[in-house]
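Biologist: I'd like to learn how to read a model like this one. Could you take me through it step by step?

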Amino acid sequence: MKLIEFILQNRTQVVDLTLEHLWLVGWSTLFAMLIGIPLGMWIAHRPRWNKPVLGSANIIQTIPSLALFGFLLPVPWLGERSDRLAILALTLYALLPIVRNTYTGIRGVDPAVVEAGRGMGLTESQLLFHVELPLATSVILSGVRVAVVISVGLATIAAAIGAGGLGEFIFRGLAMVDNRVILAGAIPAAILALLADFGVGWLERRLRPR
């Protein structure tokens with residue numbers, strides 16, 4: 001009950017921080033898709049670049065989030081705005097599942113279907129956009145779903161560098177040793193992750209080839 005009372009008393013701030021959280025996650029996921037999907041398409045047709053690209057994305061995933069924020073802080077222009085820094089860091093973390101699933105989805109298209117397209121006179125670009133990508137869409141969206149859930153969780157840590165979001169409640173609650181404040185940030189973040197997982201998962205099932 002005390003938690004509900006706290007949230008109701010601070011509902012304006014809860015809404016503002018939730019919107020900040022969504023803003024960070026939304027932009028970082030968009031940038032990760034704009035980079036990751038073309039990159040996955042590229043390595044799917046150039047397998048020799050598979051290990052270097054996926055290996056680099058894997059290395060980024062192993063860097064602790066606070067350490068990555070620390071590495072990026074001295075970068076000119078970027079370090080001047082905490083939100084820019086947070087969006088870049090979240091984008092880097094979201095790349096691996098998107099690149100990997102795009103690569104896997106395109107490589108998983110039945111070769112017989114691709115050969116049939118070539119037999120119909122389709123060019124390589126036409127094959128990619130009219131055959132391979134439509135068949136790989138559900139697999140790609142599965143990677144996007146993972147990336148969004150990762151970003152929702154990691155965005156809470158962005159509050160440590162002043163980027164805002166629901167992590168502000170969590171860090172404030174830890175400093176005050178107040179479970180109400182911690183849960184006021186943790187519960188909405190968990191709900192956002194579940195909603196994102198459900199929403200993108202529903203879209204993934206709708207676009208799955210029959």
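Modeller: Sure, starting with the fold: the chain has nine helices and zero strands. Helices (H or I, at least four residues) and strands (E, at least two) are DSSP runs, numbered from the N terminus. This is a predicted model, where local features need pLDDT of at least 70 and side-chain atom pairs count only at pLDDT 80 or more, while totals for chains, interfaces and linings use all residues. Residues are numbered from 1 along each chain as its sequence is written, and side-chain values use heavy atoms, with hydrogens and water left out.

Biologist: What share of the residues counts as buried?

Modeller: Buried means under 20% relative accessible area, exposed over 50%, and partly exposed in between, with a 1.4 Å probe and protein chains only. Here 43% of the 210 residues count as buried. The C-alpha atoms fill a box of roughly 65 × 40 × 25 Å along the principal axes.

Biologist: How do I read burial along one helix?

Modeller: An α-helix has 3.6 residues a turn, so residues three or four places apart point the same way. Take helix α8, residues 167–176, in which G167, F169, I170 and G173 are buried. They sit on the same side of α8, because they cover an arc of only 160° around the axis; that arc is taken over the directions from the helix axis to the C-beta atoms.

Biologist: Which helices do the buried residues of α8 pack against?

Modeller: Their partners are α1 (2–9), α2 (11–45) and α9 (179–206), where contact means heavy atoms within 4.5 Å. Just after α8 comes V177, with a positive phi near 55°.

Biologist: And how do I describe a pair of helices?

Modeller: Two packed helices are described by the angle between their axes and the distance between the axes. Axes are lines fitted to C-alpha atoms, for helices over the stretch in contact, and angles run from 0 to 180 degrees between N-to-C directions. Under 35 degrees counts as roughly parallel, over 145 as roughly antiparallel, 65 to 115 as roughly perpendicular and the rest as oblique. For α1 and α9, the axes come within 9 Å and cross at roughly 70°. That makes the two helices roughly perpendicular. On the α1 side are K2, L3, F6 and I7, meeting R180, V181, L183, A184 and I187 of α9.

Biologist: What about α7 and α9, at what angle do they pack?

Modeller: At about 175°, with their axes 9 Å apart. They are therefore roughly antiparallel to each other. Among the residues making this contact are L141, V148 and V152 of α7 and L192, A196 and V200 of α9. By class, the contact has 10 nonpolar, three polar and three charged residues. Ala, Val, Leu, Ile, Met, Phe, Trp, Tyr, Cys and Pro count as nonpolar, Asp, Glu, Lys and Arg as charged, and the others, Gly among them, as polar.

Biologist: Is E132 buried or exposed?

Modeller: E132, in helix α7 (residues 124–154), is buried, with a relative accessible area of 8%. Leaving out residues up to four places away in sequence, E132 touches H45, I106, V109, V114 and L127. The side chains of E132 and H45 are joined by a polar contact of 3.0 Å. A polar contact is a pair of N or O atoms within 3.5 Å; within protein, one must be able to donate a hydrogen and the other to accept it, and residues adjacent in sequence count only if both atoms are side-chain atoms.
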